[in-house]
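Student: I would like to learn how to read a protein model feature by feature. Could you take me through one slowly, giving the general idea before each case?

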Amino acid sequence: MTELYRPSPRAEIITRRTYNRPLADNPSKFETWEQTVDRVMHHQTWLWERQLTRKLNKTEKAEIEELRSLMLNRKASTSGRTLWLGGTNVAKTNEASQFNCSFTMIETVYDVVDALWLLLQGCGVGFTPVVGGLNGFGRVIPEIEVVRSVRTAKGGNENNVETYVDGVWTIKVGDSARAWAKSIGKLLANKNPASKLVLDFSEIRPAGERLTGYGWISSGDEAISEAYASIAAIMNRKAGQMLSRIDILDLMNHLGTILSSRRSAQIALFHVENPEWQEFAVAKKDWWLHNPQRRQSNNSLGFASKPSRETMVGIFDLMADSGGSEPGFINTATAKARAPWFAGPNPCCEILLANRGFCNLMEVDLAKFMGDMAGLLRTLYIAARANYRQTCVNLRDGILQEAWHLNNEFLRLCGVGLTGIAQRDDLSEYDLSQMERMTNYGAYSMANELGTQLPKNVTTVKPSGTLSKIMDTTEGIHKPLGKYIINNVNFGKHDPMLPRLRAAGYRVFQNPSEPEGVLVAFPVKWENVDFSKFNKVVDGKTIELEVNLETAIEQLDRYKKYQTHWTQQNTSVTISYSPDEVPAIIDWLLTNWDSYMGVSFLYRADPTLSAKDLGYEYLPQEVITKDAYEAYVATIAAVDLNDTDSYEELVQDDCASGACPIK
C-alpha cells in the first residue's frame with residue numbers, strides 16, 4: 001500500500017481546528033483526518049445512490065475509493081462546507097448547507113428570508129437590491145422594546161410565536177435556524193399599525209454552546225437582537241415608503257452580522273445604470289464610524305458596457321478614498337457572454353450565478369502533480385464527477401422558494417478549482433486547455449450516466465485560503481509574499497490545543513484585534529516558487545530576503561491566461577498594487593476588457609517590511625530570512641494531536657467578513 005502524504009504541522013493543526021468534527025459518541029473528542037474523509041465519502045455515496053435509486057456497483061465503489069485516496073493524500077478535496085457538514089443529518093435535511101455560493105435579487109420579503117436562511121447554512125450570498133417590493137412599516141411604531149435572553153442552559157421553544165394584543169406586536173424568536181429565517185419575514189411583512197413592537201429573544205440558547213447538528217458554536221442572542229433593532233429602525237424611518245437600494249443594502253448587511261462574520265460573507269452588486277450607484281460606491285467609507293454592518297459585504301459596481309478612461313480613473317479615485325479596495329467593478333457583459341443566465345456573483349466572485357442560483361466547489365492541488373500530467377488529468381476527471389454529484393440535491397426544504405431547486409436542476413453549476421498555481425509556471429496554455437477539456441468530460445460523463453442536465457459551467461479558480469493551508473500548497477492563483485514566511489493564525493484563546501502548541505515551542509500571543517483570540521506563529525517555506533532577492537539593512541546589518549515583487553500587470557496577465565484557457569466561471573484573485581501602478585492597470589483593463597470579468601484590488605503590503613516597519617503589532621504573513629526561519633524551526637518540537645480537543649468553530653478564511661484577501 002502506498003504511504004499516505006504526511007502533511008505539515010500547520011496543515012494538521014488547521015485541519016483539526018477547522019474541519020474535524022466532534023465525535024457523536026464523545027463530543028469532547030474530535031475526528032481524525034481519515035474519519036473526516038470517511039464521512040465525506042459516506043455523503044458522496046449517499047448522493048450517488050439516491051440519484052441512481054440503487055446501491056453502487058463494483059466500478060462505482062472503486063471510484064469512491066479513488067476519490068477517498070485523493071482526499072487522504074490532500075491532492076483533491078471537496079469544499080470546506082462539505083468537509084465540515086458532509087454526511088451529517090443537517091446535510092441530508094437542509095441540503096443548501098452543502099453549497100458555498102449563491103446569488104439572489106433582494107426584491108421581496110421571501111428573498112430576504114431565503115438570504116438569511118442561506119447565511120445560517122454557512123452559504124455565502126451575493127445579492128442585488130431591487131426597489132419596489134420591500135417597504136417600511138405601515139406607520140411609525142413609537143416604541144420598540146428588545147427582550148434579551150437570560151438562559152444559561154439550552155434554548156427553549158424552537159418555533160416563533162407572534163402575537164398582536166391591544167396594539168402591542170410581539171415577535172418571540174424561536175431557538176432554531178428555521179425560526180430565525182422565518183422571523184425576519186414576520187418583521188418585514190406585517191403592516192398592521194402598532195403602538196409598540198416587542199422583539200423577544202428569550203427563547204434563544206446562550207452563546208458558547210456547540211450546536212449538535214451544525215457543529216458550530218452558538219452566537220447567542222446579542223448579535224441578532226442588535227441587528228433586528230437596527231432593521232426595525234430602518235422600517236420605522238421608511239414607514240409608508242418603499243425601501244431604497246441603500247436601505248436594502250443595510251438590511252442585508254445587518255443580517256450578515258448575526259452569526260460569526262467568517263460564515264456570513266456577502267457581495268452586493270449595483271449596476272451603474274441604476275440610481276443610487278454613486279452613494280453605493282462610497283457606502284463603506286469610514287464604515288466604523290456610523291455603519292459597522294457595511295463591512296459585511298464586498299461592494300461592486302456592474303458595467304454592462306466598457307467604461308471610459310475617465311470613468312475608470314474616477315473608480316480608482318474612489319478606491320483610494322477607501323484604502324485601495326472598494327468599490328470593485330464587474331464586467332457584466334463578459335459575465336453574460338460566459339453565462340447567459342448571469343445575474344450576479346458569489347462573495348469571492350469565482351462563480352457566475354443565476355438569480356436564485358447555487359454552486360458547489362471542488363479543489364485540486366496542481367503542485368502535487370509536478371511531472372505527472374496523466375495523474376492530474378485523472379484527478380480532474382474524478383473531481384469533476386464528484387462535483388457534479390454534489391448538484392444532486394433536494395432544495396425543497398420548506399424555506400427556500402421553488403426557483404432555487406428548479407434553477408439547480410437545470411444549471412447544475414460546478415466549480416472545479418485549481419490551487420497551487422504559483423508552483424506550476426511550467427503549465428502551458430495548451431496544458432490548461434487540455435485540463436479544462438478533461439474536467440468537462442468528467443462532469444458531462446456523470447450527468448449522462450445519471451440522465452440529468454449537463455452542467456452549464458464547470459471550471460473556476462477560487463481564493464482557497466484554508467483549504468490550501470491544509471493541502472500544504474500556495475493559495476489559489478496567488479503567489480506567496482516570500483520564500484520564508486511566518487504565518488500568524490488565529491485561534492480561540494481557550495482552544496485546548498494551545499497548551500500543546502506552547503509546549504512544543506510555537507510562539508503564541510494575544511491577537512490585538514480580537515480579545516477572545518490568540519495568534520499562533522507557523523513557519524512556512526516555499527521551495528517551488530521563484531522570488532526576487534532583496535537586501536535590507538536591519539540594525540546596521542545587511543540581510544537578504546526572498547520576496548514577491550510581482551507587478552499588478554504580471555498578476556493581471558496570469559489572471560487572463562487562466563481566464564482564457566481554463567476558467568469557464570471566473571478566476572477569483574486579489575490584485576495587489578501600489579498607487580503609482582494605477583495608470584498601467586487602467587491601460588490593461590481598457591485593452592483587455594473583453595477578457596476581464598472581475599477581480600479584487602488591494603494596496604500592496606511591501607513584503608520587504610516587517611510589522612514593526614509598517615507600524616502594526618503583527619501581520620497575518622510576514623517575510624523572514626532563511627536564517628530566521630531555520631532558527632525558529634529548530635525550536636519547535638512535534639505536536640501529538642491524538643485525543644487533542646478543539647473548540648474553534650468553523651472558519652471560512654476565503655471570505656472572512658465579505659472580503660477575499662490573500663492569506
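**Reading the model, feature by feature**

Tutor: Let us begin with a strand: Val 416 and Leu 418 point one way from strand 17, which covers residues 416-419, while Gly 417 and Thr 419 point the other way, and all of them are buried. Please keep in mind throughout that this is a predicted model.

Student: Which strands pair with strand 17, and in what sense?

Tutor: Strand 16, residues 362-365, pairs with strand 17 in the parallel sense over four bridges, and strand 18, residues 459-460, pairs with strand 17 in the parallel sense over two bridges. Val 416 shows both pairings, since it is the bridge partner of Met 362 from strand 16 and has Thr 459 as its bridge partner in strand 18.

Student: Where should I look for the residues around Thr 78?

Tutor: Thr 78 has its place in strand 3, residues 76-78, and it is buried, with a relative accessible area of 0%. Leaving out residues up to four places away in sequence, Thr 78 touches Val 40, Met 71, Leu 83, Leu 361, Met 362, Gln 390 and Leu 467; Met 362 is the residue we have just met as the bridge partner of Val 416.

Student: How do I read a nonpolar core, and how many residues does the largest one have?

Tutor: The general idea is a set of buried residues of nonpolar kinds, joined through side-chain atoms. In this structure the largest nonpolar core has 165 residues, and those with the most contacts inside it are Ile 184, Leu 187, Leu 255, Phe 316, Phe 329, Met 435 and Phe 601. If we take Phe 601 and set aside residues up to four places away in sequence, it touches Phe 316, Met 319, Gly 324, Ser 325, Phe 329, Ile 575, Tyr 577, Ile 585 and Tyr 596. There is also a second, separate core of ten residues, which includes Cys 101, Ala 354, Cys 359 and Leu 413.

Student: How many disulfides does a search of the whole structure find?

Tutor: A disulfide is a covalent bond between the sulfur atoms of two cysteines. Here a search of the whole structure finds zero disulfides. Cys 123, for instance, is in no disulfide, and the nearest cysteine sulfur, that of Cys 101, is 6.7 Å away. Cys 123 is buried, with a relative accessible area of 0%.

Student: Why is Cys 392 not bonded to Cys 414?

Tutor: The sulfur of Cys 414 is the closest cysteine sulfur to that of Cys 392, but the two are 9.1 Å apart, which means that they are too far from each other for a bond. Cys 392 is buried as well, with a relative accessible area of 3%.

Student: What should I compare when I judge the length of a helix, taking helix 2 as the case?

Tutor: Compare its reach from first C-alpha to last with the span expected at 1.5 Å a residue. Helix 2, residues 33-52, has 20 residues and reaches 29 Å, close to the expected 28 Å; just after helix 2, Thr 53 takes a positive phi of about 60°. Helix 14, residues 373-389, has 17 residues and reaches 25 Å, close to the expected 24 Å, and this helix is mostly covered, with 14 of its 17 residues buried.

Student: Which backbone angles deserve a second look?

Tutor: Most residues other than glycine have a negative phi, and most peptide bonds are trans. Asp 286, in the loop between helix 10 and helix 11, has a positive phi near 55° and counts as partly exposed at 33% relative accessibility. Asp 472, in the loop between helix 17 and strand 19, has a positive phi near 60° and counts as buried at 19%. As for peptide bonds, the one from Glu 326 to Pro 327 is cis, with omega near 5°, and Pro 327 has its place in the loop between helix 12 and strand 12.

Student: Is Glu 581 buried or exposed, and what does its side chain make a polar contact with?

Tutor: Glu 581, which lies in the loop between strand 24 and helix 20, counts as buried because its relative accessibility is 12%, and the cut-off for buried is under 20%. Its side chain makes a polar contact with the side chain of Arg 604 at 3.0 Å. Apart from neighbours within four places in sequence, Glu 581 is in contact with Thr 551, Ala 552, Ser 576 and Arg 604.

Definitions and conventions
Residues numbered from 1 in each chain as written. Predicted model: local features only at pLDDT ≥ 70, side-chain atom pairs only at ≥ 80, totals over all residues. Heavy atoms only, no water. Core = buried A, V, L, I, M, F, W, Y, C linked by side-chain atoms within 4.5 Å. Buried < 20%, exposed > 50% of the residue type's maximum accessible area, 1.4 Å probe, protein only. Contact = heavy atoms within 4.5 Å. Pairing = 2+ DSSP bridges. Expected span 1.5 Å × (residues − 1). Disulfide = S-S within 2.5 Å. Polar contact = N/O pair within 3.5 Å; in protein donor to acceptor, adjacent residues only side chain to side chain.
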